[in-house]
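This report goes through one protein chain, feature by feature. Please keep the sequence and the 3D view at hand while reading.

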Amino acid sequence: MGYTYILVIWTIVGYTGNMPVSEKYDWRPIGEFYNASDAGKNAQQMCEEAARQLALKPERYRCLKSE
């Protein structure tokens, strides 16, 4: 069986508008990609393509391999 890749993004998870303004960031998963013989792409390629379609900068996302 192939690997699963999980797309995680660095995003705001908390915010306070009081002075001083404070933002809290953390990594959050937003999608899972599986190898499929009929897809024409492997899970890692599909994960990276999804990040490109979302216009994510490389430093703001990771495609993590999971077994």
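## The nonpolar core

In this predicted model, the largest nonpolar core has 11 residues: Tyr 5, Leu 7, Ile 9, Phe 33, Ala 43, Met 46, Cys 47, Ala 50, Ala 51, Tyr 61 and Cys 63. Three elements each give two or more residues to this core, namely β1 (4-16), α1 (43-53) and β3 (61-66). Of these, α1 has the largest share, with five residues. In soluble globular proteins, nonpolar side chains tend to be buried together.

Met 46 is one of the core residues. Leaving aside residues up to four places away in sequence, Met 46 touches Phe 33, Tyr 34, Ala 39 and Lys 41. Among these contacts, Phe 33 is also a member of the core.

## The disulfide

How many disulfides does the count come to? The count is one, and the link joins Cys 47 to Cys 63, with the two sulfur atoms 2.2 Å apart. The angle about the S-S bond is -95°, and the link is left-handed. Because Cys 47 belongs to helix α1 and Cys 63 to strand β3, the pair ties together parts that are 16 residues apart in sequence. A disulfide is a covalent bond between the sulfur atoms of two cysteines.

Are the two cysteines buried or exposed? Cys 47 has a relative accessible area of 0% and is therefore buried. Cys 63 has a relative accessibility of 18%, so it also counts as buried, the cut-off being under 20%. Both Cys 47 and Cys 63 are listed in the nonpolar core.

## The start of strand β1

Thr 4 lies in strand β1. Its relative accessibility is 12%, so Thr 4 counts as buried. Residues up to four places away in sequence aside, Thr 4 touches Glu 32, Phe 33 and Tyr 34, and also Leu 64, Lys 65 and Ser 66. Phe 33 and Tyr 34 appear among the contacts of Met 46 as well.

## The nonpolar surface patch

Nonpolar side chains also form a patch on the surface, of about 730 Å². Its residues are Trp 10, Ile 12, Tyr 15, Met 19, Val 21, Tyr 25 and Trp 27. Strands β1 and β2 (22-34) each supply at least two of them. With three residues, β1 gives the most to the patch.

Two of the patch residues, Met 19 and Val 21, lie in the loop between β1 and β2. Met 19 counts as exposed because its relative accessibility is 75%, above the 50% cut-off. Val 21 has 45% relative accessibility and so counts as partly exposed. Apart from residues up to four places away in sequence, Val 21 touches Tyr 15 and Thr 16. Tyr 15 is itself part of the patch.

How far apart in space are Val 21 and Phe 33? Their C-alpha atoms are 36 Å apart, while the two residues are 12 residues apart in sequence. Val 21 belongs to the surface patch, and Phe 33 belongs to the core.

## Salt bridges

A search of the whole structure finds two salt bridges. One is formed by Arg 28 and Asp 26, whose closest N and O atoms are 3.2 Å apart. Arg 28 counts as partly exposed, at 38% relative accessibility, and Asp 26 counts as partly exposed at 31%.

In the other salt bridge, the side chains of Lys 41 and Glu 49 meet at 2.5 Å, N to O. Lys 41 is partly exposed, at 35% relative accessibility. Glu 49 is partly exposed too, with a relative accessible area of 23%. Lys 41 is also one of the residues that Met 46 touches.

## A positive phi at Ala 55

Which backbone angle stands out at Ala 55? Phi of Ala 55 is near 60°, a positive value in a residue other than glycine. Most residues other than glycine have a negative phi. Ala 55 sits in the loop between α1 and β3. With a relative accessibility of 64%, Ala 55 counts as exposed.

Technical notes. Residues are numbered from 1 along each chain as its sequence is written. This is a predicted model: local features need pLDDT of at least 70, side-chain atom pairs count only at pLDDT 80 or more; totals for chains, interfaces and linings use all residues. Side-chain values use heavy atoms; hydrogens and water are left out. A nonpolar core is a set of buried Ala, Val, Leu, Ile, Met, Phe, Trp, Tyr and Cys residues joined through side-chain atoms within 4.5 Å. Buried means under 20% relative accessible area, exposed over 50%, partly exposed in between (1.4 Å probe, protein chains only). Helices (H or I, at least four residues) and strands (E, at least two) are DSSP runs, numbered from the N terminus. Contact means heavy atoms within 4.5 Å. Patches are made of residues with over 30% relative accessible area and no salt bridge: like charges are joined within 9 Å, nonpolar side chains (Val, Leu, Ile, Met, Phe, Trp, Tyr) within 5 Å. Accessible areas come from the Shrake-Rupley method with a 1.4 Å probe; for residues, only the protein chains shown count as cover. A salt bridge is a side-chain nitrogen of Lys or Arg within 4 Å of a carboxyl oxygen of Asp or Glu. A disulfide is a pair of cysteine sulfur atoms within 2.5 Å.
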